[in-house]
Amino acid sequence: MIVITRLDGSTLVVNADLIETVEHRGDTVVTLVSGTRFVVRDSVQEIIDAVVRFRSGVLHAVESQIGRAHV
């Protein structure tokens with residue numbers, strides 16, 4: 001899950017796995033696989049960075065669990 005900020009300043013938590021596209025059209029538009037779109041304050045790069053951090057955290061947690069299973 002990542003946190004993004006709508007234009008009105010409210011935050012929204014989005015399942016990073018459901019993001020289909022992120023594009024810059026003056027504002028940043030996040031489109032989910034369902035077709036739902038959000039116009040947000042975050043830049044495209046900020047969203048990419050948030051998704052990478054989220055996925056890295058997931059991989060780290062899995063690697064930690066695997067390491068513990070082999071002890």
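**Figure 1. Where the charges sit in this predicted model****.** Start with the charged side chains: the protein chain carries 7 positive and 9 negative charges. Take the mean position of each group, and the two points turn out to be 3 Å apart. As for the surface those charges share with everything else, the accessible area of the protein chain comes to about 4,900 Å². Carbon and sulfur atoms make up 56% of that surface.

**Figure 2. The whole chain, from strands to helix****.** Follow the chain along its sequence and you'll read β-β-β-β-β-α. That's 5 strands and 1 helix. Why call this chain more spread out than a compact globule? Its radius of gyration is 15 Å, well over the 11 Å that the globule rule gives for 71 residues, so the chain is more spread out than such a globule. Along its principal axes, the C-alpha trace spans about 50 × 20 × 20 Å. Of the 71 residues, 25% count as buried. Now look at contacts between residues with a separation of 6 or more: 33% of them join residues 24 or more positions apart.

**Figure 3. A salt bridge between Asp 17 and Arg 55****.** Searching the whole structure turns up 2 salt bridges, and here is one of them: the side chains of Asp 17 and Arg 55 meet, with 3.3 Å from N to O. This pair ties together distant parts of the chain, 38 residues apart. Asp 17 lies in the loop between strand 2 (11–14) and strand 3 (19–25), while Arg 55 belongs to helix 1 (residues 44–69). Buried or exposed, or something in between? Asp 17 is partly exposed, at 46% relative accessible area, and Arg 55 is partly exposed too, at 39%.

**Figure 4. A salt bridge between Glu 23 and Arg 25****.** Zoom in on Glu 23 and Arg 25, whose closest N and O atoms are 3.2 Å apart. How open is each partner? Glu 23 is partly exposed, with a relative accessible area of 25%. Arg 25 reaches 53%, and because exposed means over 50%, Arg 25 counts as exposed.

**Figure 5. Thr 31 and its surroundings****.** You'll find Thr 31 in strand 4 (residues 27–32). Is Thr 31 buried or exposed? Its relative accessibility is 7%, and buried means under 20%, so Thr 31 counts as buried. Which residues does Thr 31 touch, if you skip its neighbours within four places in sequence? The list runs Leu 18, Ile 19, Glu 20, Thr 21, Glu 23, Thr 36 and Arg 37. You've already met Glu 23, as the salt-bridge partner of Arg 25.

Technical notes
Residues numbered from 1 in each chain as written. Predicted model: local features only at pLDDT ≥ 70, side-chain atom pairs only at ≥ 80, totals over all residues. Heavy atoms only, no water. Helix = DSSP H or I, 4+ residues; strand = E, 2+ residues; numbered from the N terminus. Buried < 20%, exposed > 50% of the residue type's maximum accessible area, 1.4 Å probe, protein only. Contact = heavy atoms within 4.5 Å. Rg over C-alpha atoms; globule rule 2.2 N^0.38 Å. Areas by Shrake-Rupley, 256 points an atom, 1.4 Å probe, with all protein chains shown as cover. Lys, Arg positive; Asp, Glu negative; His and termini not counted. Charge placed at Lys NZ, Arg CZ, Asp CG, Glu CD. Salt bridge = Lys/Arg side-chain N within 4 Å of Asp/Glu carboxyl O.
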